[in-house]
Number of protein chains: 2
Amino acid sequence: MPQAQHQVVVIGGGFGGLTAVRRLKTAPVQIKLIDKRNFHLFQPLLYQVAGGALSPANIASPLRNLFARQANCQVLLGNVSRIDPAARSVTTNEGIVRYDTLVVAAGATHSYFGQDQWEKYAPGLKTIEDATNIRAKILTAFEEAENELDPAVRKRLLTFVIVGGGPTGVELAGTLADISRLSLKHDFRSINPADSRIILVEGAERVLTPFPPRLSQHATEFLQQRGVQVMLKTRVNEIQADHVLVKTQDQEQVIETRNVLWAAGVQAAPIGKQLAEAAGASLDRSGRIVVEPDLSLPGYPEVFVIGDLANYPHQGETPLPGVAPVAIQQGQFVARLIIARLQGAPLPQFKYLDKGNLATIGKWSAVADFGWLKISGLSAWVLWLFVHLMYIIGFRNRLLVLIQWAWNFLTNDRSARLITGEQNTSDTNSTPLTSVSELPPREN
Amino acid sequence: MPQAQHQVVVIGGGFGGLTAVRRLKTAPVQIKLIDKRNFHLFQPLLYQVAGGALSPANIASPLRNLFARQANCQVLLGNVSRIDPAARSVTTNEGIVRYDTLVVAAGATHSYFGQDQWEKYAPGLKTIEDATNIRAKILTAFEEAENELDPAVRKRLLTFVIVGGGPTGVELAGTLADISRLSLKHDFRSINPADSRIILVEGAERVLTPFPPRLSQHATEFLQQRGVQVMLKTRVNEIQADHVLVKTQDQEQVIETRNVLWAAGVQAAPIGKQLAEAAGASLDRSGRIVVEPDLSLPGYPEVFVIGDLANYPHQGETPLPGVAPVAIQQGQFVARLIIARLQGAPLPQFKYLDKGNLATIGKWSAVADFGWLKISGLSAWVLWLFVHLMYIIGFRNRLLVLIQWAWNFLTNDRSARLITGEQNTSDTNSTPLTSVSELPPREN
């Protein structure tokens with residue numbers, strides 16, 4: 001009778017949840033994995049979809065496929081609306097699920113620092129739809145510029161502002177530089193895509209703050225060589241449809257642009273707040289739940305919170321960052337802990353092993369920091385590629401991703417640069433019924 | 001001065017328009033190719049995207065990429081709202097374009113035979129968005145069935161009705177059979193996807209009517225062996241959210257289903273009607289323009305209509321079918337004719353060379369009819385694959401499509417089975433708040 005077995009419910013099929021389920025494969029438990037999407041998303045490569053280099057299916061693996069052969073796991077598609085830690089139940093739009101042990105790995109979403117009205121002008125990059133929307137936005141800007149007669153409007157269309165100089169912002173800026181200088185080189189007749197302005201805005205005094213200053217400096221120089229303007233110590237005060245207002249120290253400045261991308265902040269999934277209130281637990285400023293040393297919810301040893309949703313004060317200092325290695329190690333730990341408890345073994349405490357930081361900046365270049373080793377450039381990029389491929393090797397389409405990637409790198413091709421979604425080509429175009437025949441040919 | 005050159009405007013980047021532009025590469029003309037999408041779509045493989053076997057980018061090539069090196073062609077993204085044959089101008093949402101020669105290759109869209117209210121329950125398969133929507137619809141049906149307690153609702157969710165037994169309908173039925181029997185075999189715990197009912201409804205007395213009866217018979221038997229129910233001489237009288245009313249000869253029958261796919265009819269793009277009215281030309285029942293023997297618009301020798309939008313009475317008989325080979329040959333012919341006119345050479349008349357008919361039915365099987373040779377099964381399938389790959393070889397991503405395909409065929413994998421688009425998982429589910437824990441395990 002399977003119902004008599006220990007019931008484990010895992011919310012979220014990201015890095016943390018996925019790892020926990022996998023590590024429980026041979027444990028004497030029944031697992032229900034609940035996710036609102038039917039696939040696991042390899043988020044570190046999402047910017048490659050936004051840049052038209054990879055297809056959504058290259059970086060997304062159907063959850064049912066991943067667990068087809070894991071007999072003790074059932075995948076449930078559904079939105080979790082409520083967790084009741086006293087009743088040990090989870091409510092989704094499909095019904096109520098009871099648990100003996102719960103793992104909450106619901107992740108994070110964008111944060112606009114209270115300025116939610118910015119979202120419609122400055123999309124973030126968290127979901128597959130975000131990526132294909134940003135892809136369409138970037139490509140549509142070039143298309144509209146090609147048809148545009150007014151030089152001021154054209155310049156606005158070809159100005160890209162990326163808010164946030166963390167890994168995602170740096171990757172997006174590098175990708176935009178590659179798109180405009182290399183991939184679209186021969187594609188247009190009226191505009192020269194290489195004339196695009198790409199501006200990276202960062203509030204701190206350097207980009208990639210988790211890295212040592214020397215590597216941040218390297219990343220900045222790399223981007224600048226590729227034509228990216230890096231604005232440090234700069235805050236965004238306003239985002240509108242056709243401009244951004246930024247402030248560098250005391251100097252305000254208007255940047256005319258139709259293309260703002262948001263890579264500045266994240267906040268924990270809303271279910272964290274509901275759970276914390278129900279359990280009387282503390283939330284930090286980003287909406288993350290402050291967990292016990294064994295990642296459990298205070299007062300509820302059978303509930304674990306891991307990944308981007310958890311605030312785990314690492315060695316009494318700052319909380320661990322919201323990156324894949326943390327979520328993966330926490331998923332591994334929780335699985336070990338669940339098995340240990342079922343065996344009546346002593347309960348360990350979570351300890352994060354920092355394996356270092358890696359970020360790509362653009363074609364052939366990355367930065368890497370392992371404490372004892374700090375490298376940048378091609379060698380770091382090869383390492384970055386290796387680490388990411390090793391992880392993807394757990395998935396079926398690894399070979400195809402590798403081939404697609406190799407092809408793109410060698411040819412500067414971006415064959416996935418499709419404008420898809422709701423079909424509206426330039427409804428907002430400001431000069432209808434001008435004569436396209438009169439467009440001046442590009443000078444070159 | 002490029003403006004002094006002969007101006008050719010081509011509307012539509014499908015098979016016909018694309019071929020015409022390519023064949024004019026070395027001609028002393030300036031070409032403007034107008035399309036509302038930024039890519040050429042390889043429509044014969046669209047059902048593979050709907051089935052989750054290929055990604056959109058595998059079968060779509062960015063138009064700018066295709067013509068990056070063709071200096072005499074400018075690609076314009078825009079919706080054509082009006083053609084004025086007297087003023088020799090085309091109006092798009094981006095402005096007015098003047099032409100010396102116009103090639104109208106705007107294609108076709110679905111036809112619901114005047115029952116447009118059916119569209120929301122029975123999506124057709126013409127665009128990339130259609131394909132990803134159908135993909136999500138099919139996969140969501142299985143997901144909802146997995147969560148469903150009511151056997152009647154579950155059966156309705158697992159019943160798929162395909163309306164129309166032409167090549168697209170047959171391919172979709174074969175794909176659904178493969179998905180339910182092979183690809184999803186181990187994916188679910190409460191349902192067995194192989195229990196799905198797949199019903200193909202065709203009004204005529206056999207499927208694939210363009211083929212000889214023997215090959216239609218083969219296709220029917222192939223589908224039946226794979227569990228598809230083929231209903232011939234059957235018309236659809238009503239389509240609602242949860243059922244279809246069909247009539248076989250005099251017998252009416254209700255099929256309870258939540259999944260209806262439309263593969264029954266097409267009609268010419270609406271711009272054809274506007275052009276015909278402006279030029280005083282005749283439209284046929286499907287909205288196609290009846291063209292002259294040289295594919296020109298009656299009374300306007302400088303305007304050509306080709307592909308699905310043209311009614312070309314082949315050798316005085318039935319008009320040519322709306323298939324890729326017809327459009328391609330017409331595109332080639334029009335390009336030759338434009339060049340001949342510029343050289344003052346005599347004007348030829350279009351003549352269609354029928355190279356035969358090919359259609360896949362499912363894994364490893366197809367039917368082929370070359371008049372002198374009629375084959376079916378594996379040999380026809382290899383031929384089908386060869387012909388399609390030869391065509392795709394004109395495109396950059398041919399190798400990746402081949403690899404993806406080979407992988408899928410050998411492993412039954414459908415790695416692109418993502419539910420994307422607007423995020424709503426089963427809002428219409430009829431049994432909220434039942435206990436998912438109580439779902440009976442599948443018997444097997």
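Colleague: Which domains does the domain assignment of chain A give?

Modeller: In this predicted model, the centres of the two domains of chain A, taken over C-alpha atoms, are separated by 35 Å. One of them is assembled from three stretches of the chain, 2-36, 78-110 and 266-342, and the other runs over 116-264. The assignment therefore names, under automatic or database bounds, domain 1 (2-36 + 78-110 + 266-342) and domain 2 (116-264).

Colleague: What percentage of the residues of chain A count as buried?

Modeller: Chain A contains 11 helices and 25 strands. Among its contacts with a separation of 6 or more, 63% join residues 24 or more positions apart. A residue counts as buried if 20 or more other C-beta atoms lie within 10 Å of its own. Of the 444 residues of chain A, the share that meets this condition is 51%.

Colleague: Are the residues of strand 17 of chain A, on its two faces, buried or exposed?

Modeller: Strand 17 of chain A covers residues 259-262 and pairs with strand 11 (residues 159-163) of chain A in the parallel sense over 4 bridges. Within this pairing, A:Asn259 is the bridge partner of A:Phe160. A:Asn259 and A:Leu261 lie on one side of the strand, with A:Val260 and A:Trp262 on the other, and both faces are covered: the four named residues are all buried.

Colleague: In chain B, which are the edge strands of the open sheet with the order 13-12-11-17?

Modeller: This sheet of chain B consists of 4 strands with parallel pairing. Its neighbouring strands are turned against each other by 20° on average, direction ignored. An edge strand pairs on one side only, and this applies to strand 13 (228-231) and strand 17 (259-262) of chain B.

Colleague: Which helices of chain B pack on the sheet, touching strand 12 and strand 13?

Modeller: Strand 12 (residues 197-201) of chain B pairs with strand 13 over 4 bridges in the parallel sense, and B:Ile198 stands opposite B:Val228 there. One helix, residues 167-183, touches strands 11, 12, 13 and 17 of chain B, and its direction makes about 175° with that of strand 12. Another, residues 213-225, touches strands 12 and 13 of chain B, at about 140° to the direction of strand 13. They are helix 6 and helix 7.

Colleague: Which residues touch the most other members of the largest nonpolar core?

Modeller: This core holds 258 residues. Beyond its neighbours within four places in sequence, B:Val104 is in contact with residues including B:Ile11, B:Leu275 and B:Phe304. The residues that touch the most other members are A:Val103, A:Val104, B:Val103 and B:Val104.

Definitions and conventions
Residues numbered from 1 in each chain as written. Chains lettered and ligands numbered in written order. Predicted model: local features only at pLDDT ≥ 70, side-chain atom pairs only at ≥ 80, totals over all residues. Pairing = 2+ DSSP bridges. Axes fitted to C-alpha atoms, helices over the stretch in contact; angles between N-to-C directions. Contact = placed C-beta atoms within 7 Å. Buried ≥ 20, exposed ≤ 12 C-beta atoms within 10 Å, placed from the backbone. Core = buried A, V, L, I, M, F, W, Y, C linked by C-beta atoms within 7 Å.
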